[in-house]
Every structure is written in C-alpha cells, then in structure tokens.
Amino acid sequence: MKTLLPLALLALFQPPRPATSDAAQLFEAKVRPVFAARCLSCHKGTQAAASLRLDLPQGWKNVVASGTLLRAVRHEPGVAAMPPTGTKLSERELAGLTEWVKQGAPGPVTLAKPDPTKHWSFQPLQKSPLRSPDGVEAMLEAKRRELGLSRNAPAPKSVWLRRVSFDLIGLPPTPEEIAAFLADKASGAESRVVDRLLTSPRFGEKWARHWLDLARFAESHGYEQDYDRPNAYTYRDFVIKAFNDDLPYDMFVKWQLAGDEFAPNNPQALFATGFLGAGTHATQITKSQVEKERYDELDDMLSVTTQAFLGLTVGCARCHDHKYDPIPTKDYYRMLATFTKTVRSDVDVPLDPDGDKTKLAAWEKVKEPLVTARAAWEREKLPAKLAHWVATTSRKPAEWVFPKVEKAVSAGGATLAVQPDSSVLVTGTNPEHETLTFTLKTSQKKLAALRIEALTHPSLVKSGPGRATNGNFALSNVWVRVEGPSGGFGGVKLTSAKADFEQKGLPVAAAIDGDGVSSWAIDPQFGKSHSAVFILESPVSIPEGFAVTVRLEFNNNSGHGMGRPRLAFAESADAPLDGFAVADGPEGLLQWYKTLDLEWQALNTAVEKHDAVRPGPTLKKAMICSEGVTAIRTHTQGGDFLENTHFLKRGDPNHKGDIATPSFLGVLTHAADSTWQEKMPSGSHTSYQRRAFANWLTDTKNGAGSLLARVIVNRLWQRLYGRGIVATPSDFGTMGERPTHPELLDSLATKLISGGWHLKPLLKELVLTESYRQSASVSSAKAKADPDNRWLSRFSRRRLEAEGIRDAMLFVSGQLDTTLYGSGTLDESMKRRGIYFFLKRSKLVPFLVAFDAPNALQSIGVRQSTTVAPQALIQLNNLQARTWAASFAKRVEAPYAPAESLRRAYLLALGRTPTASEISDGVAYLNKGGTLTDFCQVLFSLNEFSYVQ
C-alpha cells in the first residue's frame with residue numbers, strides 16, 4: 001500500500017514530472033476548481049493563512065497526510081471549519097476531494113494554470129464510426145465492463161412504453177396504445193412506437209418546453225412594472241413547430257439569431273428571432289441609465305446565445321478576462337458588437353407571402369376589365385356629355401376650387417409636401433412659432449372667399465389636425481396677396497370669417513383681427529378635420545399669369561402649427577362652408593361632372609364593389625428582434641440603442657474605450673473573420689453581422705460548429721437519461737464536468753452533423769438502445785459502486801417536470817385540449833398543455849412553481865427537482881386537481897363494475913394493470929362508502945404517477 005510520505009519526498013528530491021493522465025484528469029476536474037474557488041484566496045503565497053499553502057503540492061500533501069483536510073471541509077468537531085465563511089462545500093465537491101485523497105492526492109507539481117485552449121471541448125471532433133444502435137451501446141458497455149458493472153435486464157414492455165411516451169411527447173400512453181403494443185409480437189414493434197411518437201404534434205410541445213428554459217422565454221418584461229409582451233408567443237410557437245417539423249438544428253440556430261437576414265420572407269424565420277429578446281427588459285430608464293441598461297441588454301443577448309448554444313459562460317468576461325476559460329474581454333466586446341442595434345419590435349408578419357401574391361393576382365385579373373370599361377367610358381363619352389351639360393344648364397358646377405400649389409415654404413424649417421388631394425402635409429421640425437406661405441395658381445378670374453381646411457393625418461399626434469402635443473393648432477393671422485410676375489395689386493383685406501368649430505376664447509375672427517397673437521383653435525375637438533371661410537372686403541379679379549399668395553401665421557402657443565392645411569377659392573362670397581370643391585382646370589370639372597352620370601356611376605360601382613373585396617396579406621402581429629425597425633418603448637428617456645459598442649473598463653459604461661468591431665470567440669475561430677461575412681444586400685435595413693455570427697457558430701470546420709453539436713447532443717442525452725454525458729450541460733468550460741464517455745459524445749455529434757443536423761433520427765436511436773430500455777431497479781451494490789448512475793448501470797428514475805405532471809393529470813382525466821399554437825392565458829383552469837400558459841414573470845402559475853418550474857430570469861439547462869410539502873398539498877387540495885380527479889372518475893365509472901373501473905383507472909394513470917391486492921383494497925374502499933373521485937385523486941398523488949420509471 002502506498003503512503004503519502006514517499007510521495008512527498010519524491011516531489012522534493014526528484015525532477016518534476018507530470019502526473020499520469022488519469023490522475024491529472026482527476027485533479028483538474030475535481031480538485032483544482034475547488035481550491036481555486038474556495039481555498040486559494042487565503043492559502044497561497046508566503047503570507048498564506050496558518051502557513052498552509054495549497055498552491056504547492058507539499059502544502060496539500062501535508063494536510064492530507066494528517067487527515068485534517070477532509071475533516072475541515074466536512075466541518076467535523078475538533079478542527080477549524082473550512083471555508084470559514086460562506087457556504088459549505090457541496091456534496092459533489094466533497095465527493096471529488098474524498099476520491100482524490102483516497103488516490104493519494106495526485107496532481108501536478110504546482111498549481112500553475114494549464115493552457116485552457118487545450119481543453120477538450122475546444123478541440124475538433126474525434127470522429128469514430130458509430131453503427132446504429134449497437135455503436136452507442138457498445139461504447140456504454142465497454143465502460144461498464146471496465147468498471148466491473150453491468151446493465152440491468154430490460155424493463156417490462158409496458159414500462160418502456162410509458163417511459164418513451166413521456167420522454168418524447170410528455171404524455172402517458174392510452175390503454176388502447178398499451179394493448180396494441182403488448183399484442184405486437186413482430187420485429188420492430190418498438191421502432192414503430194417511436195415513429196408514431198416522433199410524428200405526433202405533441203412531440204414539439206414537449207421538446208419546445210425544454211428549449212424555452214434555455215431561452216429564458218417569458219411574455220413580460222420583468223422588473224417592478226412587468227409590462228406584458230402580448231405578441232411574444234409567436235417565438236414559442238416557432239419552437240414547437242421547429243421541433244415538430246424536425247427543422248435542421250443548424251438552421252434552428254441560425255434563424256434564432258438572424259432569421260430576418262437568412263429568410264426575411266419566411267414568417268417562421270422572423271418569429272424565431274424572438275429568442276434574442278426573450279429576456280428581461282428594464283421599463284423605467286432615466287437618461288443617466290440608458291447606457292448601462294443597454295449594455296445589460298446586450299450582455300443578456302450574448303450570454304444566453306453562448307450559454308444555450310455553446311455551453312460557455314461568456315458573460316464572465318464583461319468585466320475582466322475569464323478566470324478559467326480562454327475568453328478574453330476583447331473577444332467578449334467584439335462578439336457583443338454583433339447585436340449593437342438589435343431591438344425588440346412588434347411587427348405585422350405576412351404568414352403566406354406567396355399565397356397572398358397568388359390571391360392578389362387572381363383579384364387583379366378580375367378587376368382589369370372593370371377598370372378598362374370605366375376608363376373607356378371616361379375617354380370616349382365623358383367629354384361630349386360634359387360639353388352638352390355645360391351648354392344646356394345654368395347650374396354652377398362647384399362652389400369651391402382647389403388652386404394649384406406652385407410653392408409651399410415653412411419659415412420654421414418644417415418639411416412641406418403637396419398631396420394628391422391638394423392638401424399640404426407638414427412634417428419634420430415643429431418650431432415654436434410657424435409661418436406657412438403658399439404660392440397658388442388658379443384659372444378663376446375672380447376671388448371673393450378663401451376656405452382653409454385643417455385636415456387630419458395618421459402621422460400627426462392624435463391624427464391632428466394640429467401639430468401640438470394634444471393635436472391642436474392656433475392660427476394667428478391670415479394674409480392674402482394677388483401678385484403678378486413683376487409685382488402688382490398687393491394685399492387683400494379680409495373682413496369676416498366663420499368656422500365649423502371654435503375653441504372657447506379663441507374664435508376664428510381672431511385670425512383676421514390684426515392681433516399677432518390672438519388665434520383660432522379647436523380644443524377639444526381633436527382627431528377630426530375642421531374648416532373656416534374668410535370673406536374678402538370686396539371680390540378681386542385675378543389677371544391671367546397672376547398668382548395668389550396666402551400666408552398663415554401661428555404665434556399663439558409653442559408648436560401649435562397646422563399639420564395638413566388645404567386651401568380653396570370661391571368666386572362668390574356666399575359659397576357655403578361645406579360646399580363642394582373641385583381641382584382647378586378642365587380636368588377638375590370633368591372629374592366632378594362624371595359623378596353625376598348614371599352610366600358612370602354603374603361602372604364605378606362595379607369597380608368599388610370589387611375593391612371592397614381586395615385580398616390583403618394574412619398578417620400576424622409578432623415580437624421579433626431586428627435592426628432598423630420601430631423598437632418597443634415603455635418609459636425610456638433616451639434612444640432605443642447605442643450607435644456603437646465600446647470596450648468598457650470593468651464593464652462600466654462611464655469608462656469607455658475604443659469602438660468594438662464585430663468578431664468571434666478566438667479559441668473557436670480558425671479562419672479569417674471574412675470567412676463568415678456576407679455582403680449586405682442593397683437597401684437592407686440590417687447590418688448582416690448577426691448572420692455572420694450565426695455562420696461562424698454553425699461552421700464545423702473553422703468555427704464553433706463542433707462545440708455546437710457536442711452541446712445539443714449532450715442536451716438530448718440529458719433529457720432521455722436524466723444526466724448528460726457532460727453533467728453540466730450549460731458549462732463545457734474548464735470548470736464544468738468532463739464527459740463520462742468522450743468518444744461517444746463526439747461520435748454522436750459527428751453523426752448529427754453528417755445526418756443533416758436532424759434531431760429526430762438521433763432521438764430514435766437513443767431510445768432504442770439497451771441502456772435506455774433497461775429497468776430502473778437498483779441493488780445496494782450498484783448504488784454503492786455507481787451512486788450517480790454515471791455509467792448507466794440502470795435506468796434513472798426521475799420526476800416529471802411541472803408541466804408534465806399537470807399535462808398528465810389533464811390527459812388522464814380526459815380534459816386535455818390539444819389545440820396547437822396561439823396566444824396563452826393566465827387562467828389556471830385552462831385545459832391546454834402547460835406550455836400555453838401566458839408566462840408573466842411577476843405572476844407565475846402557482847401549480848407550476850410548486851413543482852420547480854423556472855422563473856424565466858436566466859437560461860436554465862437543468863431544472864431543480866425537489867420534494868417538498870407544498871407539492872403534496874397541491875395534489876390533495878388544489879381545486880383544479882380535484883376537478884380533474886372528478887372528471888377522471890366519470891371517465892372510468894360507467895358502464896364499468898367497480899373492479900373494472902379500478903383496472904381502467906390504473907391503466908390510464910399508471911400504464912399498468914393493478915395487482916389482485918390493489919383491486920381488492922380498492923373495491924373494499926368503495927364498498928365502505930369511499931368515492932371513485934377520491935380514489936382517482938389518490939392515484940394522481942402517487943409517486944408512480946409523477947415519476948418516469
């Protein structure tokens with residue numbers, strides 16, 4: 001038997017040499033992280049506490065030899081408890097130290113940090129052949145033999161069926177499915193079951209829930225106000241559909257980062273980008289907080305991306321180079337720059353662009369002859385009819401004429417644009433005081449009245465018609481001049497005015513009273529158009545070639561200009577306020593007259609009826625993440641994004657360095673950045689940096705693709721076996737667990753890639769292995785030799801997740817609503833699957849919380865699985881549980897006899913027939929006055945109901 005003393009002497013007197021690979025792996029995996037995180041802050045260097053140096057082999061070997069190390073970390077009496085502050089070491093940390101001590105405390109000569117770039121997860125895939133399904137099982141069996149272990153006998157067929165049903169679709173098998181499977185004696189019965197489950201729409205609902213944990217998906221912003229995101233559910237629906245359709249995983253990844261850049265016309269690709277914005281978002285941001293909150297949001301985008309896809313804690317490098325992994329701060333900020341201008345936005349997404357085009361083309365084909373017939377009538381018959389009408393009638397065609405706007409100028413710098421209806425839309429700068437000047441040409445010979453309309457427009461606050469913050473305007477002065485090319489005439493006096501509405505104290509007459517401040521305004525009648533007529537002192541003639549200049553002044557209140565004025569002239573001072581108007585010139589008269597003709601009315605009605613059924617796009621409002629879109633705003637005193645991402649000193653926006661240009665993680669980059677960059681298309685509103693990042697992430701040759709494949713394969717394994725090949729599925733860095741079967745992990749990753757990144761074939765292979773099909777029974781010898789079941793010497797029992805328990809209760813009770821997709825609800829009586837609850841961060845569903853559903857604040861790779869009293873109390877006292885139990889009882893009661901009712905209840909709830917004693921006990925209970933509802937609720941409360949065996 002080896003002793004510690006000779007080992008210590010060898011360390012002192014022999015040349016240093018590295019430990020064996022197994023010993024080094026043990027030290028690096030289980031000891032160095034504990035020393036670094038919990039011990040070395042006090043026990044290193046010449047000033048080490050109690051003169052105990054754990055940064056040198058001699059120091060740790062002395063304390064190990066005395067037995068003090070394990071006693072101290074176990075907090076045994078008689079020794080100083082270590083660590084002296086903070087929490088005790090975890091059971092995993094204690095187990096690792098204990099195993100290391102038993103092996104003689106081997107390790108390297110010093111605690112010098114090894115080269116993290118050589119860490120196993122950063123290396124290329126070690127490709128080896130993997131024959132389906134024997135290759136998987138052969139690798140597992142080889143490791144078991146090496147350790148003197150063997151797998152269990154196969155589980156009964158009914159147990160395997162229940163197991164694979166819950167694992168693939170999250171629901172138990174029906175009695176009919178159980179009977180059919182047990183009766184199927186032909187080869188390949190299990191394979192046929194798996195095919196049925198993988199093609200079920202329930203598959204996507206089950207596996208999407210796992211992914212949503214990683215994506216920290218919720219439908220509210222979080223924080224104190226926790227405003228809702230009513231359109232965020234489209235991301236959840238995308239994930240469900242992606243799993244059901246077996247979307248290749250590399251495309252699944254690309255779309256979540258840059259679906260708008262990869263497939264901008266595919267609604268699912270747009271919905272997928274909701275991944276980036278699924279995290280929390282501050283909703284009360286003051287001007288001084290804008291930069292800090294934006295960097296926090298960018299950090300969330302990057303951290304969840306690298307953690308979910310690559311299993312790396314990149315966010316640690318925000319303030320300093322990563323302590324353990326080769327992730328420098330430089331790389332962190334260059335990756336962060338990928339998302340510089342990415343924001344959340346609620347947009348209308350066309351669900352079927354191609355179908356919309358086809359329907360529109362068919363509609364236009366029908367419309368074309370209708371429009372052609374109307375145009376032919378206007379061309380061939382209208383002029384003659386108008387000429388006849390003018391020659392035979394004394395009626396005035398129209399009271400008002402819209403002059404042609406030759407020029408429109410804003411003294412305050414606003415943008416003026418003449419509209420097809422002769423109005424002028426005012427946008428851009430909204431000065432404190434405004435003057436609008438219009439130069440107008442008309443064919444009229446006389447001017448007796450001026451009409452000013454203040455029209456509404458969607459671009460205005462409350463649709464206007466004014467530009468004030470409440471939609472008002474204040475017209476202070478109206479000036480009219482008639483001028484020739486070289487001057488002449490000059491000002492025209494306006495003597496009276498009338499309007500359709502006047503604000504109290506601000507009448508329309510104030511616009512011509514000579515007071516530069518008194519005004520006409522229309523509070524509180526906002527959101528509707530208004531008009532006023534101004535009468536000239538006496539009509540004036542307008543010689544040919546002369547123009548009319550109208551100047552409108554707004555001096556009464558700040559920013560109270562008019563948003564969309566329209567001017568009209570009348571030759572008679574009696575022209576009514578609401579009189580009909582036409583465009584100036586012969587064409588205007590034609591357009592007016594045709595509306596009086598019955599023949600034209602019939603042709604036009606046919607066109608209008610067809611216009612009324614014009615097919616529009618089939619739209620769905622969705623929350624996506626993109627650039628150059630309107631950001632979702634709450635209460636932010638600043639911009640929606642920063643123009644540039646800077647390197648920050650210790651993560652502080654107050655200490656900015658140079659601008660960071662987008663790049664990738666150096667340890668996983670084996671080519672120039674240009675390898676993944678693509679030319680931005682002309683007119684694109686996005687930078688294509690997210691697309692480049694996604695290209696790098698999925699590149700298995702020169703980018704991060706090998707690690708991407710390892711991580712997702714491990715996540716699949718974890719979901720099926722209860723523990724990943726790497727037990728820390730979201731940490732593949734040096735602080736994470738090493739793989740138990742590294743060759744198998746790489747072989748499965750290689751197979752995933754070569755199979756086109758499809759997950760369903762890999763899942764099928766894994767659930768058909770002998771290791772997956774073995775029983776869950778455990779002997780004391782196996783429990784001692786393989787306590788964590790790292791080597792799969794048995795199947796690991798595990799409790800259903802929160803949604804799984806609730807879904808199973810609904811399903812067994814016959815109440816489950818299987819409607820796919822759509823918005824969720826907070827109503828706990830909802831009968832759809834748990835994935836369709838509206839996930840509001842401040843109002844989580846109590847039933848799900850009790851069974852360890854996460855709070856969606858961060859990416860979760862492994863849910864906790866606790867056993868606490870509130871869980872039992874919910875199953876016993878929850879109103880919904882009682883309702884489901886009553887429905888379950890009705891389902892199994894009539895027309896069955898008591899014994900048969902109990903048999904069917906066991907089959908529905910537990911997937912097996914009851915034993916004779918269970919039947920007799922149940923019948924006795926019912927004969928003594930017990931209710932079938934109570935009995936069904938007891939079945940719901942059994943461990944056997946909530947655990948996958």
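Q: What volume does the largest cavity have?
A: About 190 Å³ in this predicted model.

Q: And how many cavities of 30 Å³ or more turn up in the whole structure?
A: A search finds eight of them.

Q: Back to the largest one: which residues are closest to its centre?
A: H281, R294, E297, G639 and D640, out of the 17 residues that line the largest cavity.

Q: Which element gives the most to that lining?
A: That's α14, with five residues. Strand β2 (343-350) is also among the elements that give two or more.

Q: What's the mix of classes there?
A: The lining of the largest cavity has eight nonpolar, three polar and six charged residues.

Q: OK, so where does helix α14 sit in the sequence, and how does it pack with α21?
A: α14 covers residues 290-310 and α21 covers 705-721; they pack at an angle of about 70°, with their axes 7 Å apart.

Q: Why call them roughly perpendicular?
A: Because angles of 65 to 115 degrees count as roughly perpendicular, and theirs is about 70°.

Q: Which residues make that contact?
A: On α14 they're Q307, A308, F309 and L310, and on α21 they're L707, L708, V711 and R715. By class that's six nonpolar, one polar and one charged.

Q: How does α21 pack with helix α22?
A: At an angle of about 105°, with axes 9 Å apart, so α21 is roughly perpendicular to α22.

Q: New topic: what about the second largest cavity, how big is its volume?
A: About 160 Å³. Among its 15 lining residues, E803, L839, L844, L848 and A853 are the closest to its centre.

How values were computed
Residues are numbered from 1 along each chain as its sequence is written. This is a predicted model: local features need pLDDT of at least 70, side-chain atom pairs count only at pLDDT 80 or more; totals for chains, interfaces and linings use all residues. Side-chain values use heavy atoms; hydrogens and water are left out. Axes are lines fitted to C-alpha atoms, for helices over the stretch in contact, and angles run from 0 to 180 degrees between N-to-C directions. Helices (H or I, at least four residues) and strands (E, at least two) are DSSP runs, numbered from the N terminus. Contact means heavy atoms within 4.5 Å. Ala, Val, Leu, Ile, Met, Phe, Trp, Tyr, Cys and Pro count as nonpolar, Asp, Glu, Lys and Arg as charged, and the others, Gly among them, as polar. Angles under 35 degrees count as roughly parallel, over 145 as roughly antiparallel, 65 to 115 as roughly perpendicular and the rest as oblique. On a 1 Å grid over the protein atoms alone, a cavity is a set of points where a 1.4 Å probe fits but cannot get out, and a pocket is an open set with protein on both sides within 12 Å along at least five of seven lines; lining residues have an atom within 4 Å of a point. Grid points are joined across faces, edges and corners, and a volume is the space filled by probe spheres set on the points.
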